[in-house]
Amino acid sequence: MADEQDVVGVDNLDVETGTPINAADAASGVVRVITLRRPEGYNAINKALRSRLHEEFDSANDPSIRAVLLNAEGKSFCVGQDLKEHLQDLSTGQGMGKVVDEYNPMIEALLAIKVPVVAAISGPAAGAGWSLALNCDFRIASRTASFTASFAGVGLASDCGLSHTLTSVVGPARALEVLYRDQQLTAERAYDLGLVTEVTDNDRAEEAATKFALALAQGPTKAFCEIKSLVKDEQAVMAAATREADAQARLAFTEDHQEAVRSFVEKRKPQFRGC
């Protein structure tokens, strides 16, 4: 697995040529490319990745940046929380403190990016990985992409504002169905529901997303920033994320979540007791 200091890659593409460039040398600005780099771990989110993403999202409001592209190395976009880290947290009694202390600030920094943010999604986006994608402005998915909440199946509630972002697109009834049943949505189904901007042939999501981000970066980005501030409700997402964190704290040490953890370790189906 990559060294922890290398879990996020950052590049700049010249707006006019689409070629890599130093941001300081770009006359017309750049597209900032932020890449998840834990491919051997399916880009699962651990402390190092949360911290680095927070840093890079914060830095994405540099005046030279006219659009942001979020992508990932390997066969998965992001499968959510690193379960090995989570098991260690539970064993030491830390519970879900990382949701408040690390996940929510990371998402808040992503939502604070003023310019358009495009996600390129190949392979699974699950749990907090799906939340991460939904908090971007646009999602370009390959046909290999899939989307799963992966919360109810382990006795937890959603996080990172997913309860708001999902509901705002598909409505309360469909959101409850997707979250309760822990349905895996194909790229085509996600497109039909309005959760994906475009579906590409396999292995072309990054190419299509790069082209789209460059086109946005060549547009009236000041107007785009104002439009984004009118359309997106950052405060509503973060209010939902705060309520989700409270729910996660209540659920972390329930018998159902403990059973889900045990069954994961023992590689068997969990037997939930319910309320």
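Arg38 turns out to be buried in this predicted model, because its relative accessibility is just 5%, under the 20% cut-off. The residue is found in the loop that runs between β2 (30-36) and α1 (47-59). Its side chain is joined to that of Asp82 by a polar contact of 3.1 Å. Asp82 shows up again in the largest pocket, where it is one of the lining residues that lie nearest the centre.

That pocket has a volume of about 830 Å³. Its lining takes in 34 residues, and alongside Asp82 the ones nearest the centre are Val79, Gln81, Leu83 and Phe264. As for secondary structure, α2, α3 and α11 (255-266) each put at least two residues into the lining, and α11 gives the most, with five. Sorted by class, the lining of the largest pocket comes out as 18 nonpolar, ten polar and six charged residues.

The second largest pocket comes in at about 390 Å³. Of its 20 lining residues, Cys136, Asp137, Lys228, Val231 and Lys232 are the closest to the centre. Here β6 (138-142), α5 (162-170) and α9 (221-231) are the elements to look at, each supplying at least two residues of the lining. The class breakdown for the second largest pocket is eleven nonpolar, four polar and five charged residues.

Back in the loops, Glu73 sits between β3 (65-72) and α2 (83-91). Glu73 counts as partly exposed, because its relative accessibility of 31% falls between the 20% and 50% cut-offs. Leaving out residues up to four places away in sequence, Glu73 touches Thr35, Leu36, Arg37, Pro39 and Asn43. With one of these, Arg37, there is also a polar contact between side chains, at 3.0 Å. Gly9 is 64 residues away from Glu73 along the chain, yet the two C-alpha atoms are separated by 9.6 Å.

Turning to the interior, the largest nonpolar core has 62 residues, and Leu53, Trp130, Phe147 and Leu166 are the ones with the most contacts inside it. Helix α3 (residues 97-111) gives the most to this core, namely seven residues. Apart from this core lies another, made of 15 residues, with Leu13, Ala67, Ala209 and Ala217 among them. Trp130 gives a good idea of how the 62-residue core is wired up. Not counting residues up to four places away in sequence, Trp130 touches Phe147 and Leu166, and its other partners are Ala125, Thr148, Ala149, Leu162, Val178, Leu185 and Leu195.

Then there is Arg273, placed in the segment after α11. Arg273 is exposed, because its relative accessible area of 70% is over the 50% cut-off. Once residues up to four places away in sequence are set aside, Arg273 touches Glu255 and Asp256. Ala119 is 154 residues away from Arg273 along the chain, and the C-alpha atoms of the two are separated by 38 Å. The two arginines, then, fall into opposite classes: Arg38 counts as buried, whereas Arg273 is exposed.

How values were computed:
Residues are numbered from 1 along each chain as its sequence is written. This is a predicted model: local features need pLDDT of at least 70, side-chain atom pairs count only at pLDDT 80 or more; totals for chains, interfaces and linings use all residues. Side-chain values use heavy atoms; hydrogens and water are left out. A nonpolar core is a set of buried Ala, Val, Leu, Ile, Met, Phe, Trp, Tyr and Cys residues joined through side-chain atoms within 4.5 Å. Buried means under 20% relative accessible area, exposed over 50%, partly exposed in between (1.4 Å probe, protein chains only). Helices (H or I, at least four residues) and strands (E, at least two) are DSSP runs, numbered from the N terminus. Contact means heavy atoms within 4.5 Å. A polar contact is a pair of N or O atoms within 3.5 Å; within protein, one must be able to donate a hydrogen and the other to accept it, and residues adjacent in sequence count only if both atoms are side-chain atoms. On a 1 Å grid over the protein atoms alone, a cavity is a set of points where a 1.4 Å probe fits but cannot get out, and a pocket is an open set with protein on both sides within 12 Å along at least five of seven lines; lining residues have an atom within 4 Å of a point. Grid points are joined across faces, edges and corners, and a volume is the space filled by probe spheres set on the points. Ala, Val, Leu, Ile, Met, Phe, Trp, Tyr, Cys and Pro count as nonpolar, Asp, Glu, Lys and Arg as charged, and the others, Gly among them, as polar.
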